[in-house]
Amino acid sequence: DQKLGRRTALKLVHPASHGDPRTMSRFLVEARLTARFNHPNIVTIFAVGQHHDVPYLALEYVEGEDLSARLSEGLPGVREVLRYGVAITRALAEAHANGVLHRDLKPGNVLIGRDGRVRVGDFGLAKHFNAPVDPVTSDIRGPLFSSSDETSWGMGTPRYMAPEQWQAQPCTPATDMWAFGVLLYAMLAGHVPFDEPSLTDRAKAVIHQPHPPLDPTHLDERLVAIVEGCLQKLPSDRPSAERVAADLEALLSDVGRARSETVDNPFR
């Protein structure tokens, strides 16, 4: 940004999609929804415009890495997991309080700045609670399933999609909480709870089968309970982002206190 002397990230519509009204509409929706937020854990949008008829968003540039890159380096420690979890759920709570769903929460959309602050970005699939749900075919052998597993299609990214998304049912804030539960599970276990080789099998597992349990011997039972709550099949059984943020903050406080006591008294 030459006027204000700051670095920004530019997001543009791919040239192949310039004539696609659905893509253009989604791009503008992302701009409008992201512009509603002024929160330390949500990427800030600075401007929207066009350059030579190409629409663009000017976003906060986050120096650092995304959570996907961080996880490729190895499992984070419990304190780090809690810190990431608090930031993500605070961002979701802010979005939900403003009537906005993310619908595509995944490690690639969580940015970890060099300043240590965690931001959630990419509201490209976001929607208002009461907006019409995008149609997704109920035939899970259809062409929508030909995309890469890490590619967002329909209403989300397959590894992080909730049962209701697979069944083309209305999304609610609980849909984002399922994705957070998968993300939290992956940070603790090193893999997602449902990773069947085919999307057909994965859809069936997410809808009908219980997830593999986390090892409770190495984790605080309260943290395991948070994961279990977020991965409930029924949306109504999942906790809110605000409640999970509070629970994670309490756990983080306990971990910090225990760490301090250990440093003060190494024989304890």
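A168 is partly exposed, because its relative accessible area is 31%, a value between the 20% limit below which a residue counts as buried and the 50% limit above which it counts as exposed. This residue is found in the loop between α4 (163-166) and α5. Its phi is near 60°, which is a positive value in a residue other than glycine. The model described here is a predicted one, and A168 serves as the starting point for a walk through it.

A second residue invites comparison with A168. R103 also is not a glycine, and its phi is positive, at about 70°. R103 is found in the loop between β5 (100-101) and β6. Is R103 buried or exposed? With a relative accessible area of 6%, R103 is buried, since the limit for that class is 20%.

The wider setting can now be described. The protein has eight helices and eight strands. Of its 268 residues, 44% count as buried. Contacts between residues at least 6 apart in sequence may be examined for how far along the chain they reach: 67% of them join residues at least 24 apart.

The interior comes next. The largest nonpolar core has 53 residues, and those with the most contacts inside it are I88, L105, F180, L183, L184, L188 and L248. Several elements each supply at least two residues of this core: the helices α3 (78-97), α5 (173-189), α6 (199-208), α7 (221-230) and α8 (241-264), together with the strands β6 (110-113) and β7 (118-120). Which of these elements gives the most to this core? It is α5, with eleven residues. F180 shows how such a residue is surrounded. Leaving aside neighbours within four places in sequence, F180 is in contact with G85, I88, T89, L92, L105, C230, V244 and L248. There is also a second, separate core of seven residues, among them V13, A31, I45 and L59.

Helix α5 also takes part in an aromatic pair. The count of such pairs comes to one. Its partners are W178 and F194, whose rings are 6.2 Å apart from centre to centre, with 10° between the planes. Why is this pair stacked? Planes under 30 degrees apart count as stacked, and the angle here is 10°. The pair links distant parts of the chain: W178 is in α5, F194 is in the loop between α5 and α6, and the two are 16 residues apart. W178 counts as buried because its relative accessibility is 1%, and F194 counts as buried because its value is 5%.

W178 leads in turn to R238, for R238 touches W178 as well as A162, P163, E164, A174, T175, G229, C230, Q232 and K233, not counting residues up to four places away in sequence. R238 is placed in the loop between α7 and α8. Its relative accessible area is 7%, and therefore R238 is buried. A polar atom of the R238 side chain lies 3.0 Å from the backbone oxygen of K233. R238 and E228 are ten residues apart in sequence, and their C-alpha atoms are 8.8 Å apart in space.

Helix α7 itself deserves attention. At its start, a side-chain oxygen of D220 reaches to within 2.7 Å of the backbone nitrogen of R222. Within α7, the residues L223, V224, I226, V227, G229 and C230 are buried. A general rule helps in reading this pattern. An α-helix has 3.6 residues a turn, so residues three or four places apart point the same way.

The last region to visit contains strands β2 and β3. Strand β2 (residues 45-51) and strand β3 (residues 54-60) run antiparallel and are joined by six bridges. Within this pairing, G49 stands opposite Y56 in β3. The two strands form a hairpin with two residues between them, and H52 in the turn has a positive phi of about 55°.

Strand β3 also holds E60. E60 counts as buried because its relative accessibility is 13%. Its side chain makes a polar contact of 3.0 Å with the side chain of R119. Not counting residues up to four places away in sequence, E60 touches A9, I42, V43, T44, F46, R117 and R119. One of these, F46, has a further partner: R6 lies over the face of F46, at 3.7 Å from the ring centre.

How values were computed
Residues numbered from 1 in each chain as written. Predicted model: local features only at pLDDT ≥ 70, side-chain atom pairs only at ≥ 80, totals over all residues. Heavy atoms only, no water. Core = buried A, V, L, I, M, F, W, Y, C linked by side-chain atoms within 4.5 Å. Buried < 20%, exposed > 50% of the residue type's maximum accessible area, 1.4 Å probe, protein only. Helix = DSSP H or I, 4+ residues; strand = E, 2+ residues; numbered from the N terminus. Contact = heavy atoms within 4.5 Å. Pairing = 2+ DSSP bridges. Polar contact = N/O pair within 3.5 Å; in protein donor to acceptor, adjacent residues only side chain to side chain. Phe/Tyr/Trp six-rings, centres within 6.5 Å; stacked < 30°, edge-to-face > 60°. Lys NZ or Arg CZ within 6 Å of the ring centre and 35° of its normal.
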